[in-house]
Amino acid sequence: MFISDDIHYIGVNDHQIDLFEGQFEVPLGMAYNSYVILDEKIAVVDSVEHGFTEEWLGNLKKVIGERAVDYLIVQHMEPDHSSSILGFLQAYPTVKIVSSDKAFKMMANFYGVSDVSKQIAVKEGDSLSLGKHTLKFIAAPMVHWPEVIMTYDECDKVLFSADAFGKFGANDVEDPEGWACEARRYYFGIVGKYGVQVQNLLKKASALEIKTICSLHGPVLSGDLSYYLDVYRTWSSYGVESEGIVVAYTSVYGNTATAAEYLADQLRENGCKKVVLIDLIREDLHESVEDAFRYGTMVLATTTYNNDVFPRMKQFIEHLTERGYQKRKLAFIENGSWAPTAAKGMKSLFENCKEITYAENNVTILSALKEDGKAKLESLAKELTA
Ligand code: FEO
(Lines give C-alpha, C1' and ligand atoms only; values in the text may rest on other atoms or scores of the structure.)
Protein backbone atom coordinates (compact mmCIF):
# COMPACT_ATOMS: atom_id res chain seq x y z
CA MET A 1 0.00 0.00 0.00
CA PHE A 2 1.32 3.42 -0.97
CA ILE A 3 1.25 6.24 1.56
CA SER A 4 3.06 8.42 -0.97
CA ASP A 5 5.37 7.73 -3.92
CA ASP A 6 8.21 6.93 -1.51
CA ILE A 7 6.42 5.66 1.60
CA HIS A 8 4.88 2.21 1.70
CA TYR A 9 2.88 0.34 4.31
CA ILE A 10 4.48 -2.96 5.33
CA GLY A 11 2.50 -3.81 8.50
CA VAL A 12 0.62 -6.97 9.44
CA ASN A 13 -2.77 -8.01 10.80
CA ASP A 14 -3.15 -10.26 13.83
CA HIS A 15 -6.32 -12.37 13.95
CA GLN A 16 -4.98 -14.92 16.43
CA ILE A 17 -4.77 -12.51 19.34
CA ASP A 18 -7.29 -12.96 22.16
CA LEU A 19 -6.37 -10.13 24.52
CA PHE A 20 -4.32 -7.09 23.49
CA GLU A 21 -1.81 -6.01 26.15
CA GLY A 22 -3.15 -8.87 28.27
CA GLN A 23 -6.51 -7.25 28.95
CA PHE A 24 -8.28 -5.66 25.99
CA GLU A 25 -10.65 -7.77 23.93
CA VAL A 26 -10.07 -7.23 20.21
CA PRO A 27 -12.85 -9.01 18.32
CA LEU A 28 -11.71 -7.41 15.08
CA GLY A 29 -8.07 -8.41 15.61
CA MET A 30 -5.18 -5.98 15.72
CA ALA A 31 -2.91 -4.29 13.21
CA TYR A 32 0.78 -3.75 13.87
CA ASN A 33 1.75 -1.07 11.42
CA SER A 34 5.17 -0.52 9.95
CA TYR A 35 6.35 1.66 7.09
CA VAL A 36 9.28 1.94 4.75
CA ILE A 37 10.60 5.20 3.28
CA LEU A 38 12.47 4.83 0.01
CA ASP A 39 15.11 7.39 -0.81
CA GLU A 40 18.87 7.44 -1.34
CA LYS A 41 18.82 5.83 2.08
CA ILE A 42 16.06 3.44 3.14
CA ALA A 43 14.40 3.77 6.54
CA VAL A 44 11.93 1.38 8.13
CA VAL A 45 9.66 2.86 10.78
CA ASP A 46 9.03 0.38 13.61
CA SER A 47 8.83 -3.38 13.63
CA VAL A 48 5.89 -5.63 14.51
CA GLU A 49 4.91 -8.27 17.06
CA HIS A 50 7.43 -11.14 16.90
CA GLY A 51 4.96 -13.78 15.68
CA PHE A 52 4.74 -11.82 12.44
CA THR A 53 8.43 -11.24 11.77
CA GLU A 54 8.58 -13.40 8.65
CA GLU A 55 5.46 -11.88 7.14
CA TRP A 56 6.70 -8.36 7.89
CA LEU A 57 10.14 -8.98 6.42
CA GLY A 58 8.40 -10.47 3.39
CA ASN A 59 6.30 -7.32 3.00
CA LEU A 60 9.45 -5.23 3.22
CA LYS A 61 11.26 -7.34 0.63
CA LYS A 62 8.37 -6.98 -1.82
CA VAL A 63 8.98 -3.21 -1.71
CA ILE A 64 12.76 -2.94 -1.55
CA GLY A 65 13.88 -6.15 -3.23
CA GLU A 66 17.49 -6.91 -2.46
CA ARG A 67 18.41 -3.40 -1.30
CA ALA A 68 19.71 -3.09 2.25
CA VAL A 69 17.94 -1.03 4.88
CA ASP A 70 19.99 1.88 6.22
CA TYR A 71 17.92 2.82 9.25
CA LEU A 72 15.40 1.12 11.51
CA ILE A 73 13.55 3.85 13.38
CA VAL A 74 12.22 2.53 16.68
CA GLN A 75 9.63 4.95 17.95
CA HIS A 76 8.20 2.82 20.74
CA MET A 77 9.59 -0.14 22.63
CA GLU A 78 6.41 -1.88 23.68
CA PRO A 79 6.80 -5.43 22.32
CA ASP A 80 3.84 -5.20 19.94
CA HIS A 81 6.18 -2.97 17.93
CA SER A 82 9.68 -3.92 18.99
CA SER A 83 9.73 -7.68 19.33
CA SER A 84 10.83 -8.26 15.74
CA ILE A 85 13.97 -6.18 16.16
CA LEU A 86 16.21 -9.21 16.63
CA GLY A 87 14.80 -10.87 13.52
CA PHE A 88 15.32 -7.64 11.61
CA LEU A 89 18.94 -7.35 12.72
CA GLN A 90 19.57 -10.88 11.47
CA ALA A 91 18.07 -10.00 8.07
CA TYR A 92 19.77 -6.57 7.84
CA PRO A 93 22.95 -6.77 9.93
CA THR A 94 24.35 -3.46 8.67
CA VAL A 95 21.33 -1.38 9.68
CA LYS A 96 21.62 1.51 12.15
CA ILE A 97 18.90 1.76 14.75
CA VAL A 98 17.55 5.26 15.29
CA SER A 99 15.77 5.75 18.59
CA SER A 100 15.74 7.63 21.89
CA ASP A 101 18.26 7.07 24.70
CA LYS A 102 15.52 5.63 26.88
CA ALA A 103 14.49 3.23 24.13
CA PHE A 104 18.06 1.94 23.75
CA LYS A 105 18.10 1.09 27.46
CA MET A 106 14.85 -0.81 27.04
CA MET A 107 16.22 -2.54 23.92
CA ALA A 108 19.11 -3.89 25.96
CA ASN A 109 16.76 -5.02 28.72
CA PHE A 110 14.18 -6.63 26.45
CA TYR A 111 16.38 -8.17 23.75
CA GLY A 112 20.04 -7.76 24.72
CA VAL A 113 20.48 -5.37 21.77
CA SER A 114 23.18 -3.00 22.98
CA ASP A 115 25.83 -2.55 20.26
CA VAL A 116 26.36 1.21 20.42
CA SER A 117 28.11 1.23 17.06
CA LYS A 118 24.71 0.45 15.53
CA GLN A 119 22.81 3.09 17.48
CA ILE A 120 21.89 6.65 16.56
CA ALA A 121 20.26 8.31 19.54
CA VAL A 122 17.86 11.13 18.68
CA LYS A 123 15.88 13.59 20.72
CA GLU A 124 13.34 16.36 20.22
CA GLY A 125 14.23 18.52 17.20
CA ASP A 126 16.91 16.22 15.77
CA SER A 127 16.68 15.35 12.11
CA LEU A 128 17.87 12.63 9.77
CA SER A 129 18.32 13.08 6.03
CA LEU A 130 17.53 10.18 3.73
CA GLY A 131 18.16 12.23 0.61
CA LYS A 132 15.00 13.95 -0.58
CA HIS A 133 13.25 13.13 2.70
CA THR A 134 14.30 14.78 5.93
CA LEU A 135 12.87 13.23 9.06
CA LYS A 136 12.34 15.36 12.17
CA PHE A 137 11.99 13.67 15.52
CA ILE A 138 9.45 14.69 18.12
CA ALA A 139 9.68 13.56 21.73
CA ALA A 140 6.34 12.19 22.90
CA PRO A 141 6.98 10.86 26.41
CA MET A 142 4.13 8.85 27.91
CA VAL A 143 2.22 8.58 24.66
CA HIS A 144 2.25 6.03 25.85
CA TRP A 145 5.62 4.98 27.29
CA PRO A 146 8.43 7.34 28.33
CA GLU A 147 10.82 6.52 25.50
CA VAL A 148 8.45 7.35 22.65
CA ILE A 149 9.53 9.49 19.73
CA MET A 150 7.44 10.38 16.74
CA THR A 151 8.75 11.11 13.27
CA TYR A 152 7.70 13.81 10.84
CA ASP A 153 8.60 13.54 7.17
CA GLU A 154 8.96 17.12 5.96
CA CYS A 155 8.90 16.10 2.30
CA ASP A 156 5.55 14.29 2.19
CA LYS A 157 4.09 15.94 5.36
CA VAL A 158 3.58 12.59 7.04
CA LEU A 159 3.45 12.24 10.81
CA PHE A 160 4.44 8.80 12.07
CA SER A 161 2.53 9.06 15.31
CA ALA A 162 3.53 5.89 17.23
CA ASP A 163 0.54 4.75 19.32
CA ALA A 164 -1.32 8.07 19.01
CA PHE A 165 -4.36 7.99 16.72
CA GLY A 166 -4.33 4.20 16.85
CA LYS A 167 -7.30 1.93 17.25
CA PHE A 168 -8.19 -1.67 17.97
CA GLY A 169 -8.97 -3.82 14.96
CA ALA A 170 -7.04 -5.30 12.06
CA ASN A 171 -6.76 -3.28 8.84
CA ASP A 172 -8.08 -6.07 6.59
CA VAL A 173 -11.57 -6.14 8.13
CA GLU A 174 -14.07 -3.33 7.94
CA ASP A 175 -14.96 -1.87 11.31
CA PRO A 176 -18.77 -1.58 11.21
CA GLU A 177 -18.65 1.29 13.70
CA GLY A 178 -16.08 3.35 11.82
CA TRP A 179 -12.90 4.72 13.31
CA ALA A 180 -14.05 6.49 16.46
CA CYS A 181 -15.55 3.71 18.58
CA GLU A 182 -12.52 1.44 18.75
CA ALA A 183 -10.16 4.44 18.66
CA ARG A 184 -11.90 5.85 21.74
CA ARG A 185 -11.82 2.52 23.60
CA TYR A 186 -8.14 2.25 22.69
CA TYR A 187 -7.38 5.84 23.72
CA PHE A 188 -9.06 5.72 27.13
CA GLY A 189 -7.94 2.18 27.83
CA ILE A 190 -4.29 2.71 26.96
CA VAL A 191 -3.39 6.41 26.82
CA GLY A 192 -6.22 7.95 28.86
CA LYS A 193 -4.13 8.61 31.97
CA TYR A 194 -1.72 10.78 29.97
CA GLY A 195 -3.99 13.60 28.85
CA VAL A 196 -1.43 16.30 29.67
CA GLN A 197 1.24 14.57 27.61
CA VAL A 198 -1.15 14.11 24.69
CA GLN A 199 -2.04 17.81 24.91
CA ASN A 200 1.66 18.64 24.72
CA LEU A 201 1.99 16.48 21.65
CA LEU A 202 -1.02 18.12 19.99
CA LYS A 203 0.58 21.53 20.56
CA LYS A 204 3.70 20.34 18.74
CA ALA A 205 1.58 18.80 15.97
CA SER A 206 -0.30 22.07 15.46
CA ALA A 207 2.97 23.66 14.29
CA LEU A 208 3.32 21.08 11.51
CA GLU A 209 1.60 20.81 8.18
CA ILE A 210 0.31 17.24 8.31
CA LYS A 211 -1.26 15.54 5.31
CA THR A 212 -1.14 11.97 6.57
CA ILE A 213 -1.02 10.34 10.00
CA CYS A 214 0.65 6.94 10.11
CA SER A 215 -0.13 5.39 13.45
CA LEU A 216 1.18 2.07 14.71
CA HIS A 217 -2.33 0.60 14.90
CA GLY A 218 -5.34 0.97 12.67
CA PRO A 219 -5.78 2.74 9.37
CA VAL A 220 -3.57 5.39 7.85
CA LEU A 221 -5.42 8.68 8.29
CA SER A 222 -5.52 11.19 5.45
CA GLY A 223 -7.83 13.77 3.92
CA ASP A 224 -9.41 16.17 6.38
CA LEU A 225 -7.49 15.39 9.58
CA SER A 226 -9.24 18.03 11.69
CA TYR A 227 -11.83 15.52 12.93
CA TYR A 228 -9.15 13.23 14.37
CA LEU A 229 -7.17 16.09 15.85
CA ASP A 230 -10.33 17.59 17.37
CA VAL A 231 -11.46 14.39 19.08
CA TYR A 232 -7.94 13.90 20.41
CA ARG A 233 -8.10 17.44 21.83
CA THR A 234 -11.43 16.60 23.51
CA TRP A 235 -10.28 13.24 24.83
CA SER A 236 -6.96 14.47 26.15
CA SER A 237 -8.54 17.46 27.90
CA TYR A 238 -11.21 15.19 29.46
CA GLY A 239 -13.87 17.23 27.68
CA VAL A 240 -17.38 15.95 27.04
CA GLU A 241 -17.56 14.48 23.56
CA SER A 242 -21.27 13.60 23.28
CA GLU A 243 -24.46 14.72 24.93
CA GLY A 244 -26.11 12.05 27.04
CA ILE A 245 -26.26 10.33 30.41
CA VAL A 246 -24.65 7.04 31.37
CA VAL A 247 -26.46 4.82 33.86
CA ALA A 248 -24.05 2.07 34.88
CA TYR A 249 -25.09 -0.61 37.32
CA THR A 250 -24.27 -3.90 38.94
CA SER A 251 -27.08 -6.04 40.24
CA VAL A 252 -27.08 -9.27 42.25
CA TYR A 253 -30.78 -10.30 42.16
CA GLY A 254 -32.08 -7.85 39.58
CA ASN A 255 -33.46 -5.22 41.97
CA THR A 256 -30.69 -2.67 41.37
CA ALA A 257 -31.04 -3.35 37.63
CA THR A 258 -34.75 -2.57 37.92
CA ALA A 259 -33.95 0.73 39.61
CA ALA A 260 -31.38 1.62 36.95
CA GLU A 261 -33.82 0.77 34.16
CA TYR A 262 -36.54 2.82 35.84
CA LEU A 263 -34.21 5.80 36.04
CA ALA A 264 -33.22 5.35 32.38
CA ASP A 265 -36.90 5.41 31.38
CA GLN A 266 -37.48 8.52 33.47
CA LEU A 267 -34.50 10.26 31.90
CA ARG A 268 -35.87 9.50 28.43
CA GLU A 269 -39.34 10.70 29.43
CA ASN A 270 -37.76 13.91 30.65
CA GLY A 271 -36.24 14.52 27.23
CA CYS A 272 -32.75 13.03 27.52
CA LYS A 273 -32.07 11.93 23.94
CA LYS A 274 -29.24 9.59 24.74
CA VAL A 275 -29.27 7.31 27.76
CA VAL A 276 -26.53 4.68 27.86
CA LEU A 277 -27.60 1.89 30.19
CA ILE A 278 -24.74 -0.41 31.10
CA ASP A 279 -24.76 -3.70 32.97
CA LEU A 280 -21.19 -3.49 34.20
CA ILE A 281 -20.95 -7.21 34.86
CA ARG A 282 -21.84 -8.24 31.34
CA GLU A 283 -20.52 -5.35 29.26
CA ASP A 284 -16.85 -5.24 28.28
CA LEU A 285 -15.14 -3.24 31.01
CA HIS A 286 -13.24 -1.05 28.57
CA GLU A 287 -16.37 -0.26 26.56
CA SER A 288 -17.87 0.97 29.82
CA VAL A 289 -14.77 3.04 30.58
CA GLU A 290 -15.00 4.56 27.10
CA ASP A 291 -18.63 5.59 27.67
CA ALA A 292 -17.84 7.10 31.07
CA PHE A 293 -15.33 9.44 29.41
CA ARG A 294 -17.52 10.11 26.38
CA TYR A 295 -20.51 11.60 28.25
CA GLY A 296 -20.70 14.35 30.84
CA THR A 297 -23.08 12.84 33.39
CA MET A 298 -23.06 9.40 34.92
CA VAL A 299 -25.26 7.61 37.44
CA LEU A 300 -23.73 4.67 39.27
CA ALA A 301 -26.06 2.10 40.81
CA THR A 302 -24.80 -0.75 42.91
CA THR A 303 -25.31 -3.07 45.82
CA THR A 304 -23.74 -2.72 49.22
CA TYR A 305 -21.40 -5.70 49.53
CA ASN A 306 -19.35 -6.62 52.60
CA ASN A 307 -20.15 -3.17 53.95
CA ASP A 308 -18.54 -1.68 50.85
CA VAL A 309 -19.08 -1.30 47.10
CA PHE A 310 -19.87 -4.34 44.94
CA PRO A 311 -16.54 -5.56 43.47
CA ARG A 312 -17.19 -4.97 39.76
CA MET A 313 -18.40 -1.42 40.46
CA LYS A 314 -15.30 -0.78 42.54
CA GLN A 315 -13.12 -2.11 39.73
CA PHE A 316 -14.94 0.08 37.20
CA ILE A 317 -14.47 3.22 39.30
CA GLU A 318 -10.80 2.40 39.82
CA HIS A 319 -10.36 2.11 36.05
CA LEU A 320 -11.81 5.62 35.75
CA THR A 321 -9.87 7.27 38.55
CA GLU A 322 -6.53 5.80 37.49
CA ARG A 323 -7.14 7.36 34.05
CA GLY A 324 -7.72 10.83 35.47
CA TYR A 325 -11.53 10.87 35.41
CA GLN A 326 -12.63 14.49 35.93
CA LYS A 327 -14.94 17.34 34.86
CA ARG A 328 -18.09 15.24 35.21
CA LYS A 329 -21.37 15.15 37.12
CA LEU A 330 -22.10 12.05 39.17
CA ALA A 331 -25.13 10.60 40.94
CA PHE A 332 -25.40 7.44 42.99
CA ILE A 333 -28.03 4.79 43.57
CA GLU A 334 -27.27 2.35 46.36
CA ASN A 335 -29.08 -0.79 47.34
CA GLY A 336 -28.80 -2.55 50.69
CA SER A 337 -30.93 -4.91 52.71
CA TRP A 338 -29.74 -3.98 56.21
CA ALA A 339 -27.02 -1.29 56.10
CA PRO A 340 -26.71 0.47 52.70
CA THR A 341 -23.33 2.17 52.45
CA ALA A 342 -22.43 1.83 48.77
CA ALA A 343 -23.10 5.48 47.84
CA LYS A 344 -20.69 6.74 50.49
CA GLY A 345 -18.15 4.14 49.36
CA MET A 346 -18.48 5.09 45.69
CA LYS A 347 -18.14 8.78 46.44
CA SER A 348 -15.00 8.21 48.46
CA LEU A 349 -13.42 6.44 45.48
CA PHE A 350 -13.73 9.69 43.49
CA GLU A 351 -12.33 11.94 46.23
CA ASN A 352 -9.08 12.69 44.37
CA CYS A 353 -10.77 13.44 41.05
CA LYS A 354 -10.84 17.05 39.85
CA GLU A 355 -13.94 19.05 39.04
CA ILE A 356 -16.56 16.45 39.92
CA THR A 357 -20.00 17.73 40.87
CA TYR A 358 -22.49 15.53 42.65
CA ALA A 359 -26.26 15.38 42.22
CA GLU A 360 -28.40 16.32 45.20
CA ASN A 361 -30.93 13.52 44.74
CA ASN A 362 -28.96 10.37 45.38
CA VAL A 363 -31.16 7.34 45.91
CA THR A 364 -31.18 4.55 48.50
CA ILE A 365 -33.14 1.37 47.73
CA LEU A 366 -33.89 -1.07 50.52
CA SER A 367 -33.75 -4.51 48.88
CA ALA A 368 -36.28 -3.86 46.09
CA LEU A 369 -37.67 -0.90 44.16
CA LYS A 370 -40.95 0.34 45.65
CA GLU A 371 -43.06 3.48 45.28
CA ASP A 372 -40.86 5.61 47.53
CA GLY A 373 -37.79 4.53 45.56
CA LYS A 374 -39.51 5.34 42.27
CA ALA A 375 -40.34 8.82 43.55
CA LYS A 376 -36.69 9.37 44.45
CA LEU A 377 -35.56 8.18 41.01
CA GLU A 378 -38.07 10.52 39.37
CA SER A 379 -36.60 13.42 41.37
CA LEU A 380 -33.09 12.40 40.30
CA ALA A 381 -34.18 12.19 36.65
CA LYS A 382 -35.69 15.68 36.89
CA GLU A 383 -32.52 17.07 38.41
CA LEU A 384 -30.28 15.53 35.74
CA THR A 385 -32.44 16.71 32.85
CA ALA A 386 -33.23 20.20 34.20
FE1 FEO B 1 1.04 -0.24 20.48
FE2 FEO B 1 2.10 1.12 23.36
O3 FEO B 1 2.11 -0.18 22.02
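In the predicted model, Asp-46 is placed in the loop that connects β7 (42-45) with α1 (53-64). The phi angle of Asp-46 is near 65 degrees, a positive value in a residue other than glycine. Most residues other than glycine have a negative phi, and most peptide bonds are trans. A departure from the second of these tendencies is found at the peptide bond from Val-143 to His-144, which is cis, with omega near 5 degrees. His-144 is located in the loop between β12 and β13.

The two strands that flank this loop belong to an open sheet of six strands. The order across the sheet is β11-β12-β13-β14-β15-β16, and the pairing is mixed. Strands of a sheet pair through backbone hydrogen bonds, either parallel or antiparallel. The edges of the sheet are occupied by β11 (127-129) and β16 (221-222); each has a single partner strand, so one side of each is left without a neighbour in the sheet.

Several of the pairings can be described individually. Edge strand β11 runs antiparallel to β12 (residues 134-139), and three bridges join the two. Within this pair, Ser-129 of β11 stands opposite Thr-134 in β12. The strands β11 and β12 form a hairpin with four residues between them. In the turn of this hairpin, Gly-131 has a positive phi of about 130 degrees. On the next step across the sheet, β12 is joined to β13 by five bridges, again in an antiparallel arrangement. Here Ala-139 is found opposite Ile-149 in β13. Strand β13 (residues 149-153) is in turn joined to strand β14 (residues 158-160) through three bridges, and these strands also run antiparallel. One residue of β14, Phe-160, is the bridge partner of Thr-151.

At the level of the whole chain, the protein is divided into domain 1, covering residues 7-236, and domain 2, covering residues 242-385. The contact between the domains takes 11 residues from domain 1 and 10 residues from domain 2. The centres of the two domains, taken over C-alpha atoms, are separated by 38 Å.

The area buried between domain 1 and domain 2 amounts to about 980 Å², and carbon and sulfur atoms give 51% of this area. On the side of domain 1, the residues that lose the most area to domain 2 are Arg-184, Arg-185 and Phe-188. Together these three residues account for 54% of what that side buries.

Polar and charged interactions also cross the interface. Three salt bridges are found between domain 1 and domain 2, together with four residue pairs in polar contact. The side of domain 1 that touches domain 2 draws at least two residues each from β4 (24-25) and α5 (178-191). The largest share of this side, six residues, comes from α5. By residue class, the side of domain 1 that touches domain 2 comprises three nonpolar, three polar and five charged residues. Arg-184, already noted among the residues of domain 1 that lose the most area, forms a salt bridge with Glu-290. The closest N and O atoms of this pair are 2.8 Å apart.

Note on methods:
Residues are numbered from 1 along each chain as its sequence is written. This is a predicted model: local features need pLDDT of at least 70, side-chain atom pairs count only at pLDDT 80 or more; totals for chains, interfaces and linings use all residues. Side-chain values use heavy atoms; hydrogens and water are left out. Domain bounds come from an automatic or database domain assignment. Contact means heavy atoms within 4.5 Å. Buried area is the accessible area (1.4 Å probe) that two parts lose on being put together, summed over both. A salt bridge is a side-chain nitrogen of Lys or Arg within 4 Å of a carboxyl oxygen of Asp or Glu. A polar contact is a pair of N or O atoms within 3.5 Å; within protein, one must be able to donate a hydrogen and the other to accept it, and residues adjacent in sequence count only if both atoms are side-chain atoms. Ala, Val, Leu, Ile, Met, Phe, Trp, Tyr, Cys and Pro count as nonpolar, Asp, Glu, Lys and Arg as charged, and the others, Gly among them, as polar. Two strands pair if DSSP finds at least two bridges between them.
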